[in-house]
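Subject: Handing over a structure

Hello,

Here is the structure I promised to pass on to you. Please open it first, and then read on at your own pace.

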Amino acid sequence: MSNVNKKGINGIVVTILLILFIVAASGVVFNWIKEQTSGVMEQSTVISEKLQVCREPRINFEKAYCSPESEGIIKVKVANNKNEDIKEGISIRLIENGEVGATISSVIDIELKAYEGKEITIFKQQEEGSLDTIFKPVDKIEFIPKFVIGKKTVYCSDNKIILDAENCW
């Protein structure tokens with residue numbers, strides 16, 4: 001009888017060990033799936049939020065021009081035609097002969113009160129290697145809305161505004 005009891009106990013021990021192994025393996029698989037899906041969820045959240053905030057800029061960019069007395073400076077007239085104060089982050093790219101000549105690395109924030117208009121100043125890029133102060137010509141200026149979502153900066157290039165730069169050769 002003692003042999004029968006030992007075989008019965010061995011069966012119970014094997015069953016318990018098998019159940020413990022299945023639980024441990026399930027935990028490992030669950031954690032692996034959780035790690036894989038959390039990265040995808042974070043990316044989809046950023047994309048979803050980008051779609052919500054990427055809209056047409058609320059600032060009206062009316063005119064961009066250079067005046068002969070202020071060489072190397074581009075003036076841009078902007079206006080807020082709404083009954084609310086606004087603040088927009090904008091990235092600016094200068095275009096020369098249809099190609100992007102320079103991207104202004106410092107993004108500006110434009111703040112306008114309700115129904116306010118003003119001029120903002122953009123500095124032209126200088127020709128490299130020249131001893132004289134010669135500025136690169138600018139044909140167009142591209143304004144790209146910028147937003148911060150969490151810790152990421154998002155540029156809404158689909159909603160960019162392009163203005164002709166008058167007298168900026």
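Below is what was found in it, from the overall layout to the individual links.

A word on the basis: this is a predicted model, in which local features need pLDDT of at least 70, side-chain atom pairs count only at pLDDT 80 or more, and totals for chains, interfaces and linings use all residues. Residues are numbered from 1 along each chain as its sequence is written, and side-chain values use heavy atoms, with hydrogens and water left out.

**Overall layout**

The chain is built from one helix and nine strands; these are DSSP runs numbered from the N terminus, with H or I over at least four residues for a helix and E over at least two for a strand. Reading from the N terminus, the order is α-β-β-β-β-β-β-β-β-β. Of the contacts with a separation of 6 or more, 61% are between residues 24 or more positions apart, a contact being heavy atoms within 4.5 Å.

The chain has 169 residues, and 25% of them count as buried. Here buried means under 20% relative accessible area, exposed means over 50%, and partly exposed lies in between (1.4 Å probe, protein chains only). The accessible surface is about 11,900 Å², and carbon and sulfur atoms make up 55% of that. Such areas come from the Shrake-Rupley method with a 1.4 Å probe, and for residues only the protein chains shown count as cover.

**The disulfide**

There is one disulfide in the structure, the term standing for a pair of cysteine sulfur atoms within 2.5 Å. It joins C66 and C168, whose sulfur atoms are 2.0 Å apart. C66 sits in the loop between β1 and β2 (73-79), while C168 belongs to the segment after β9, so the link spans distant parts of the chain, 102 residues apart. The link is right-handed, with 105 degrees about the S-S bond. Both ends are buried: C66 has 8% relative accessibility, and C168 has 1%.

**The salt bridges**

Side chains of opposite charge can pair when their charged atoms come close. The search of the whole structure gave four salt bridges, each a side-chain nitrogen of Lys or Arg within 4 Å of a carboxyl oxygen of Asp or Glu.

One of them pairs K63 with E166, with 3.8 Å between the closest N and O atoms. Because K63 is in strand β1 (residues 60-65) and E166 in strand β9 (residues 161-166), this pair ties together parts 103 residues apart in sequence. K63 is partly exposed at 33%, and E166 is partly exposed too, at 39%.

Strand β9 also takes part in another pair: K140 and D164 meet at 2.6 Å, N to O. K140 lies in strand β7 (residues 140-149) and D164 in strand β9, 24 residues apart. K140 is partly exposed at 34%, as is D164 at 47%.

Strand β7 comes up again with E142, which forms a salt bridge with K160 at 3.6 Å between the closest N and O atoms. K160 is in the loop between β8 (152-155) and β9, 18 residues away from E142. Are the two partners of this bridge buried or partly exposed? K160 is partly exposed at 36%, whereas E142 is buried at 4%. These two residues also belong to a network of salt bridges that includes R93.

Enjoy exploring the model!

Best wishes
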